[in-house]
Amino acid sequence: MSTPSPHGRSRIAALAVALAAASALTLTACDDDSGGSSTSSATPTAPDTASFSGNAASALASAKASVRAGASKRAASASAAASSFEASVSAEVERANKAARTELAKVDGAGNAMSDVTMSGKPRSETGGLLAVVVTITNKTDKTASYAVQVDFLDSSGKAVETRYVGAEDLTPGQKAQPVAVSRKPTEPVLTPKLAKAQRY
């Protein structure tokens, strides 16, 4: 093998210096901002699943069960509120209502006291969702009188699907009473209350 000429050796040395400089630049470019050398691999590492807990499917099922339980609890609460409201109304006026029903059974037509009675709706937020109307009875005569009132709840065709009776006893002249007529039908379809009869006796 022949020995390189002095000119050839100079070229080899220059090439070696250039390669060394390129290597130094490459290493410098790989350093991170803090001055340390980067040793990370280009291939991502899979997470350590040993530290995971629970199961996604079971967590979802648990969330759904929680939502169902909450809805069921709210429905039960609304039902309890409706029952409580109806019970309080019934306790106050049950005897008068029975008397009203008995009295109205004797009446033909609308009765003699339609002008003494008005009705207004009661907010469902106060009745546990039940349809209820406040029946305002005013004794417009100059004598003490009792009243019997029939409220019909009509469907969209105008047919009475439920009838409720309320009454007030021994109202003095000018005195008012406000019994409540409550429908026990479901909230749908929506019913319309109508004053059907009112009798003074």
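Reader: What is the relative accessible area of Arg200?

Author: First, this is a predicted model, where local features need pLDDT of at least 70, side-chain atom pairs count only at pLDDT 80 or more, and totals for chains, interfaces and linings use all residues. Residues are numbered from 1 along each chain as its sequence is written, and side-chain values use heavy atoms, with hydrogens and water left out. On the scale used here, buried means under 20% relative accessible area, exposed over 50%, and partly exposed in between (1.4 Å probe, protein chains only). Arg200 counts as partly exposed, because its relative accessible area is 23%.

Reader: Which residue forms a salt bridge with Arg200?

Author: A salt bridge here needs a side-chain nitrogen of Lys or Arg within 4 Å of a carboxyl oxygen of Asp or Glu. For Arg200, the closest N and O atoms in its salt bridge are 2.8 Å apart. The residue at the other end counts as buried, because its relative accessibility is 4%. That partner is Asp116.

Reader: How many residues apart in sequence are the parts that Arg200 and Asp116 tie together?

Author: Helices (H or I, at least four residues) and strands (E, at least two) are DSSP runs numbered from the N terminus. Arg200 sits in strand S7, while Asp116 is in the loop between H2 and strand S1 (117-121). So the pair links parts whose separation in sequence is 84 residues.

Reader: How many salt bridges are there in the whole structure?

Author: Besides Arg200 with Asp116, Glu103 meets Lys106 at 3.5 Å, N to O. Glu126 also forms a salt bridge with Lys122, and there the closest N and O atoms are 3.5 Å apart. Both Glu126, at 47% relative accessibility, and Lys122, at 24%, count as partly exposed. A search of the whole structure gives a total of three.

Reader: Is Glu103 buried or exposed?

Author: Glu103 lies in helix H2 (residues 56-104). Its salt-bridge partner, Lys106, counts as exposed because its relative accessibility is 60%. Leaving aside neighbours within four places in sequence, Glu103 is in contact (heavy atoms within 4.5 Å) with Ala148, Gln199 and Tyr201. With a relative accessible area of 15%, Glu103 is buried.

Reader: In what order do the elements of the protein chain run?

Author: Let's count before we walk along the chain. It holds two helices and seven strands. From the N terminus on, the order is α-α-β-β-β-β-β-β-β.

Reader: What is the order of the three strands in the open sheet?

Author: Two strands pair if DSSP finds at least two bridges between them. Nine bridges join S3 (residues 145-154) to S4 (residues 160-171), and eight bridges link S3 and S7, with antiparallel pairing in this sheet. S4 and S7 are the edge strands, each pairing on one side only. That gives the order S4-S3-S7.

Reader: Which residue in S4 is the bridge partner of Val149?

Author: You can follow the S3 and S4 pairing residue by residue. Asp152 has Thr163 as its partner in S4, and Gln150 has Tyr165. For Val149, the bridge partner is Val166.

Reader: How many of the residues of S3 are buried?

Author: Check both faces of the strand. Ala145, Tyr147, Val149, Val151 and Phe153 point one way, Ser146, Ala148, Gln150, Asp152 and Leu154 point the other way, and all are buried. S3 is therefore largely enclosed by the rest of the structure, and the count of buried residues is ten of the ten.

Reader: Which element gives the largest share of the largest nonpolar core?

Author: A nonpolar core is a set of buried Ala, Val, Leu, Ile, Met, Phe, Trp, Tyr and Cys residues joined through side-chain atoms within 4.5 Å. The largest one has 19 residues, and Val117, Val135, Ile137, Val149, Val151 and Ala181 touch the most other members. Strand S2 (132-138), S3, S4 and strand S7 (192-200) each give two or more residues. The largest share, five residues, comes from S3.

Reader: How many residues does the second, separate core have?

Author: This one is separate from the core we just looked at. Its members include Leu130, Ala132, Val134 and Val180. The full count is five.

Reader: What share of the residues in the protein chain is buried?

Author: Here we zoom out to the whole chain. It has 201 residues. The buried share is 26%.
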